[in-house]
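Colleague: Hi, got a minute? Could you walk me through this one?

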Number of protein chains: 2
Amino acid sequence: MDKEQTPLYFQFFTEVGILNQLSRVGFEAHLPMGITLAHFSVLNHLVRLGDGQTPLQIAKAFQLPKTTMTHTLSVLEKRGLIVMRPNPDDGRSKSVILTELGRTFRDDAIVTSTPYFAGFAAQFPPEKLKDVLPLLAEMRGFLDKERNG
Amino acid sequence: MDKEQTPLYFQFFTEVGILNQLSRVGFEAHLPMGITLAHFSVLNHLVRLGDGQTPLQIAKAFQLPKTTMTHTLSVLEKRGLIVMRPNPDDGRSKSVILTELGRTFRDDAIVTSTPYFAGFAAQFPPEKLKDVLPLLAEMRGFLDKERNG
DNA sequence: CCTATATAGTACGAAATCGCACTATTGGGA
DNA sequence: TCCCAATAGTGCGATTTCGTACTATATAGG
């Protein structure tokens, strides 16, 4: 790699970090007090891909350490948004199940945050996102592969 | 906004979050134990834009709360990478100065992390980054503006 | 000049993040 | 069958993040 290019890559990841920071804070402003993006993301993930997954599967989906997921899930369970059942297929494992409250909570959060996304969408139409999403996903895949192998 | 589009925006910000997560962990693996991306970013910022800035200026540059920056700077000072001087122009404020150790530490970190970026650069050449950087910067600007007013 | 309001930084406490070490369980050989 | 290495989850402690409230200083308006 040309040495001159290094700052460009720093800048790119810095920009990604700030974008993440800003979008997180903006979105959390539309969530009920005490609910973080991490909490919502897990609920959303379970609704989209189906519940019954193990904590480790969820942790891997977000590229987070399993201890972080243990903590997040314990908060969600304390709030009655999920329940943790023993995994019938594996005695070491658990099965994360959405409660009815968790499901409606997720749906409500999407509704209340719609204005936030609408403002953003007015400025950045879907086509623009679709242009860059494949690249971001490819980068994610590359870094993921590099991390594991 | 078309309601059908909401998941696209969720997906976009989720992808940004995971990318941030992966790049942070990957980069921190090349930093000395106990040094985080947040620490390095501040040092890098001071080298690039010049030191003598106030804590609040730095916090704003990264869109972080000033209390977070107070903590980060206290760690950097404890490690001898910066010094905090009173700001001669404003008695309420401080002036963040790089030490020689801080400067060389930053330079060394860039060197040791070069292989990490080289692998990434081989897969994603500079042109690809330059294609998306303006859009990301525009998004950052929009969210920043929305946040403040 | 004086007062009120705004601003810079910090102390503090709560929550999130995460590495390490531990337990329980599994599953693949000897 | 019996190990034993690998895996899932958690307890614990250190660090980071960040909101609230506070102190000190600056600045504008009367």
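Modeller: Sure! Around DNA strand C there are 22 residues, and the nearest are A:Thr67, A:Gly91, B:Thr54, B:Leu56 and B:Ser93 (near means a C-beta atom, placed from the backbone, within 6 Å of the strand). This is a predicted model, where local features need pLDDT of at least 70, side-chain atom pairs count only at pLDDT 80 or more, and totals for chains, interfaces and linings use all residues. Residues are numbered from 1 along each chain as its sequence is written, with chains lettered from A and ligands numbered from 1 in the order in which they are written.

Colleague: Which elements give two or more residues to the surface near DNA strand C?

Modeller: α4 of chain A, plus α3 (55-61) and α4 of chain B. Helices are DSSP runs of H or I with at least four residues, numbered from the N terminus. α4(A) gives the most, 5 residues.

Colleague: And what gives the most to the surface near DNA strand D?

Modeller: That is α4(B), with 5 residues. DNA strand D has 21 residues around it, A:Thr54 and B:Gly91 being among the closest.

Colleague: New topic: how many residues of chain B are in contact with chain A?

Modeller: 48 residues of chain B touch 48 of chain A, a contact being two C-beta atoms, placed from the backbone, within 7 Å. On the chain B side, α1(B) has the largest share, 17 residues.

Colleague: How does that side of chain B divide by class?

Modeller: Into 28 nonpolar, 14 polar and 6 charged residues. Here Ala, Val, Leu, Ile, Met, Phe, Trp, Tyr, Cys and Pro count as nonpolar, Asp, Glu, Lys and Arg as charged, and the others, Gly among them, as polar.
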